[in-house]
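Colleague: I'm new to this one and would love a close look at a single part of it. Could you pick a spot and walk me through what sits around it?

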Amino acid sequence: MIKAFLTSFHVLSPTEIDQFESLLIKRHLKKGSFFINEGKLSTEVAFINTGILRSFFTPESGEEITYCISFPNTLMAAYSAFITGLPTVENIQAVADSELLVIQKHDVDKLLETSPNWVRFFKIIAEQQYLELEKRLFLFQKEKAKKRYIDLLENQANYVLQIPLQYLASYLGITPRHLSRLRKEINL
């Protein structure tokens, strides 16, 4: 799965892909376990082989706000903390049993020094993350919750029903009760 993911960018040579794979460490997270906790340094990037992860923060109100849900065949990190070297303000937790392939930041930094292909690859990844964030922001400001939910179903139908109602509702910016009504309306 990781080889196909890396190859799909048409940037890295087979040797570079093998090099990347050799640096990966397989990690299993049980449902409810954390990839990273608020206040920690972000020194790893994970490729989600199987499972689902959510990113959330807890404001003063104490109610967890889920702002990102990541599915298989994607990269995940506490990205702003990874870039800045400052402690993260988010938590990343497994919503389902997950298998991750993890690479350390110091290994990423070494790769970046070895070839301009790595710089191009990570630039593409950063651009994709920005576009996803912008899409989510536009959906949130422009569309009603039903449209946001339908969009999620269209893109991740196999996984959406595995996400606990309260996390999914928070991600969509609605109450669990509202989400239950949407599900009945859409016949799920």
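**A helix pair and the pocket beside it**

Modeller: Let's start with helix 6 and helix 7, whose axes come within 12 Å and cross at roughly 145°. Keep in mind that what you're looking at is a predicted model. The way helix 6 passes helix 7 is a right-handed crossing. On the helix 6 side, the contact uses R148, Y149, L152 and V160, and helix 7 answers with L168, Y171 and L172. Sort those residues by class and you get six nonpolar, one charged and no polar.

Now zoom in on Y149, which sits in helix 6. Is Y149 buried or exposed? Its relative accessible area is 0%, and the cut-off for buried is under 20%, so Y149 counts as buried. Follow the chain along and you'll find L182: the two are 33 residues apart in sequence, with 8.2 Å between their C-alpha atoms.

From here we can step over to the largest pocket, which has a volume of about 1,400 Å³. Its lining has 44 residues, and the closest to the centre are C68, S70, Q129, E132 and L133. Our two helices turn up here again: helix 6 (145-160) and helix 7 (165-172) each supply at least two residues of that lining. Strands join in too, among them strand 4 (53-57) and strand 5 (65-70), each also with at least two. Which helix gives the most? That's helix 5, with 13 residues. Taken by class, the lining comes to 27 nonpolar, nine polar and eight charged residues.

One of those residues closest to the centre, S70, deserves a look of its own. S70 belongs to strand 5. At 7% relative accessibility, S70 falls under the 20% cut-off and therefore counts as buried. Setting aside residues up to four places away in sequence, S70 touches I48, G51, I52, L53 and M76.

Some of those names lead us on to another serine, S98, in strand 8 (residues 98-104). Beyond its neighbours within four places in sequence, S98 is in contact with T50, G51, I52 and L53, and with R27, H28 and L29 as well. So G51, I52 and L53 touch both S70 and S98. With a relative accessibility of 3%, S98 is buried. As for E21, it is 77 residues from S98 along the sequence, and their C-alpha atoms are 18 Å apart.

How values were computed: Residues numbered from 1 in each chain as written. Predicted model: local features only at pLDDT ≥ 70, side-chain atom pairs only at ≥ 80, totals over all residues. Heavy atoms only, no water. 1 Å grid on protein atoms, 1.4 Å probe; cavity = no way out; pocket = protein on both sides within 12 Å on 5 of 7 lines; lining within 4 Å. Points joined across faces, edges and corners; volume = space filled by probe spheres on them. Helix = DSSP H or I, 4+ residues; strand = E, 2+ residues; numbered from the N terminus. Nonpolar A, V, L, I, M, F, W, Y, C, P; charged D, E, K, R; others polar. Buried < 20%, exposed > 50% of the residue type's maximum accessible area, 1.4 Å probe, protein only. Axes fitted to C-alpha atoms, helices over the stretch in contact; angles between N-to-C directions. Left-handed = near helix turned anticlockwise from the far one by under 90°. Contact = heavy atoms within 4.5 Å.
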